[in-house]
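Thank you all for making time this morning. I would like to walk slowly through one structure with you, stopping wherever a term needs explaining.

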Amino acid sequence: MADFNTMELMICTAARELEDGACVGVGTGAPCAAAMLAQKTKSPNLTIIFEAGGVAPLVPEMPISVGDSRTTWKACMASGMPDVMETGCRGMLDYTFLGGAEIDMYGNLNSTRIGSDHQKPKVRFPGSGGANDFASFAWRMMVMTPQDSKRFVERCTYVTTPGWINGGDSRAKCGLAVGAGPYKIITNMAVMDFEPDSKRMRIVALNHGFGLKDVEENCGFELIKAAKIIENPPPTEQELAILREEVDPYRYVIGR
Amino acid sequence: MDVIEKGVGRIFTDPDADKAREFFRHKSRALVSKLTTVKEAVKELIKDGDYISVGGFGANRVPISVLHEILRQKKKDLGLAGHTATHDFQILSAGKVFNRCDIAYIIGLEARGLSPNARAYMQSGDVEVTEWTNYTMSARYKAAAAGVSFHPIRNMMGTDTFKYSAAAISECPFTGQKYTLVPALYSDVAVIHAHEADIYGNCRVRGILMSDWDIARSSKKVIITCERLIPNDEIRRDPTMTFIPYYCVDAVCEVPYGSYPGNMYQEYFSDEDHLREWLKVEKDPEAFKKFLDKNIYGVQDHFEYIERNGGIRKMQMLRQKEWLFRGARQ
């Protein structure tokens with residue numbers, strides 16, 4: 001088996017989820033690397049969209065901002081934020097990747113604050129940005145994050161971005177688009193999806209070298225277990241070569 | 001229309017479309033020169049207490065010269081649209097010039113990390129906040145640009161982002177589906193950096209527009225800085241290129257490299273060394289004060305700022321970097 005770090009593993013796992021012909025809205029960092037890797041391997045016709053307006057670029061190197069010139073390099077269109085978000089709301093955005101300081105058992109995310117006084121928070125984070133928008137509009141929302149019990153909490157102290165809200169059909173009842181929601185959570189240890197009825201997070205695959213106990217010890221709530229938990233296939237030599245040589249040669253993301 | 005639920009946040013600007021119409025009724029449509037300096041434009045058009053919107057995307061096509069001038073003129077009690085705000089937010093936080101903020105994205109500089117000073121400012125309790133998202137802020141500008149008082153959107157429901165916003169949830173009269181309604185955002189002043197403009201304020205931009213189409217149309221006053229002035233004949237030769245018409249604009253300032261240290265599409269890339277230095281120096285209050293004196297308070301204008309940070313040589317390197325020319329990498 002090839003030698004790789006956890007960031008490379010998460011990116012390669014995420015890239016495999018993006019099928020050819022799909023449309024993905026990405027931010028900077030690991031999500032962008034996953035989309036670029038997918039485009040350069042099994043999904044050459046993957047449409048990459050950036051929230052500030054970059055539509056279908058041939059991203060030449062890691063963008064630093066979702067609005068910098070790399071996001072429109074050889075693009076099909078330089079558009080704007082309203083157009084990109086409206087495209088999502090119309091139902092043409094298949095995937096997005098998001099993250100946060102907290103994620104709960106229903107895939108809700110906190111990227112706003114820690115502490116109860118909203119006007120004077122203990123710790124302030126950037127806020128939603130486009131996360132609440134993308135999570136509401138994309139058919140399938142995914143998260144790449146380290147497995148850590150401080151991050152995987154039973155209930156987010158503040159919900160910036162909707163997951164399955166309170167589970168069951170609560171998300172659709174709120175008025176959010178029917179059929180869209182959290183899809184896969186990819187960590188350094190495992191891959192989770194959501195049990196179809198309760199919409200609770202469910203472990204479906206383990207990365208090589210990790211057991212169920214490792215994941216449970218690093219998760220702040222009880223995970224549902226799939227009937228069959230498989231071993232997540234490790235990155236191939238080819239995936240790693242493309243990731244290292246073409247996607248992120250300066251190791252901005254995979255060197256973290 | 002029945003309101004099912006409402007956020008607890010405050011609306012910092014009046015969404016009333018008739019009041020806005022009354023303002024725009026008296027706004028000049030005259031095709032006259034609006035050419036001025038950044039110093040004059042900030043002095044004349046931005047008043048203490050005004051609500052301002054900054055065009056571009058944080059550190060991409062941002063009107064840096066105007067933001068620095070706002071600090072030099074010690075403007076205070078401003079309202080701010082924290083819409084995709086990154087380095088612009090960092091600058092305005094350094095001067096503590098605002099005391100209320102509509103938040104979509106603040107404090108962070110995306111992949112570069114978080115600004116310690118901006119974060120401390122937002123944790124101090126000195127800034128009143130209302131939460132939104134990037135798209136909902138775009139929709140608020142869209143409503144205002146369309147001359148209506150709200151825009152329906154299909155997100156924010158079920159989250160604390162809604163709870164701490166000033167939005168409302170209601171039902172569609174045609175389908176019965178729930179929608180979030182966001183109030184129109186008419187800013188007092190918008191500040192936008194464009195690639196090209198004529199002296200009347202007709203503007204051209206290349207690359208992505210972010211929300212600037214709607215920001216320019218919905219703001220009561222608009223200050224334009226541009227990389228270069230072009231003749232009105234050139235505007236009229238190809239009107240398809242115009243994205244802001246002259247009657248929206250109140251001031252035009254020619255500021256080459258006006259987005260530095262930010263990125264300007266097909267002109268120059270961002271100065272990552274300088275932005276890294278900003279983030280680093282903020283951790284030490286003494287060093288940060290010196291840094292601000294060197295780069296903002298102690299300089300006359302944007303040219304002097306650029307000269308203190310590598311001058312034309314640096315600009316050439318950033319131009320080459322923008323086009324990914326071999327050997328231009330830092």
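Let me start in chain B, in the loop between β3 (78-82) and α4 (87-94), because that is where B:Thr84 is placed, helices (H or I, at least four residues) and strands (E, at least two) being DSSP runs numbered from the N terminus. B:Thr84 has a positive phi of about 50 degrees, although it is not a glycine. In general, most residues other than glycine have a negative phi, and most peptide bonds are trans. The second part of that remark brings us to the bond from B:Tyr260 to B:Pro261, which is cis, with omega near 5 degrees. B:Pro261 sits in the loop between β13 (251-254) and α10 (272-281) of chain B.

Before going further, I should say that this is a predicted model, in which local features need pLDDT of at least 70 and side-chain atom pairs count only at pLDDT 80 or more, while totals for chains, interfaces and linings use all residues. Residues are numbered from 1 along each chain as its sequence is written, and chains are lettered from A and ligands numbered from 1 in the order in which they are written.

Chain B as a whole has 13 helices and 13 strands. Its radius of gyration, taken over C-alpha atoms, is 20 Å, close to the 20 Å that the globule rule (2.2 Å times the number of residues to the power 0.38) gives for 330 residues, so chain B is as compact as a globular protein of that length. Along its principal axes, the C-alpha trace of chain B spans about 60 × 50 × 40 Å.

Within chain B, 4 strands form an open sheet in the order β1-β7-β8-β6, with antiparallel pairing, where two strands pair if DSSP finds at least two bridges between them. Which strands stand at the edges? They are β1 (3-6) and β6 (150-153) of chain B, each with a single partner strand, so one side of each is left without a neighbour in the sheet. β6(B) pairs with β8 (residues 178-183) of chain B in the antiparallel sense over 4 bridges, and B:Phe150 has B:Pro183 in β8(B) as its bridge partner.

Turning to chain A, helix α7 (residues 237-247) packs against helix α2 (residues 30-40) at an angle of about 115 degrees, with their axes 10 Å apart; axes are lines fitted to C-alpha atoms, for helices over the stretch in contact, and angles run from 0 to 180 degrees between N-to-C directions. α2(A) and α7(A) are therefore roughly perpendicular to each other (angles under 35 degrees count as roughly parallel, over 145 as roughly antiparallel, 65 to 115 as roughly perpendicular and the rest as oblique). Among the residues making this contact are A:Met36 of α2(A) and A:Ile242 of α7(A), two residues being in contact if their C-beta atoms, placed from the backbone, lie within 7 Å.

Helix α1 (residues 6-17) of chain A also packs against α7(A), at about 110 degrees and with the axes 11 Å apart. Here A:Glu8, A:Ile11 and A:Cys12 of α1(A) meet A:Glu239, A:Leu240 and A:Leu243 of α7(A).

Finally, how many residues of chain A are in contact with chain B? There are 47, and they are in contact with 52 residues of chain B. On the chain A side, the elements that give two or more residues are α3 (81-90), α4 (131-137) and α5 (170-174).
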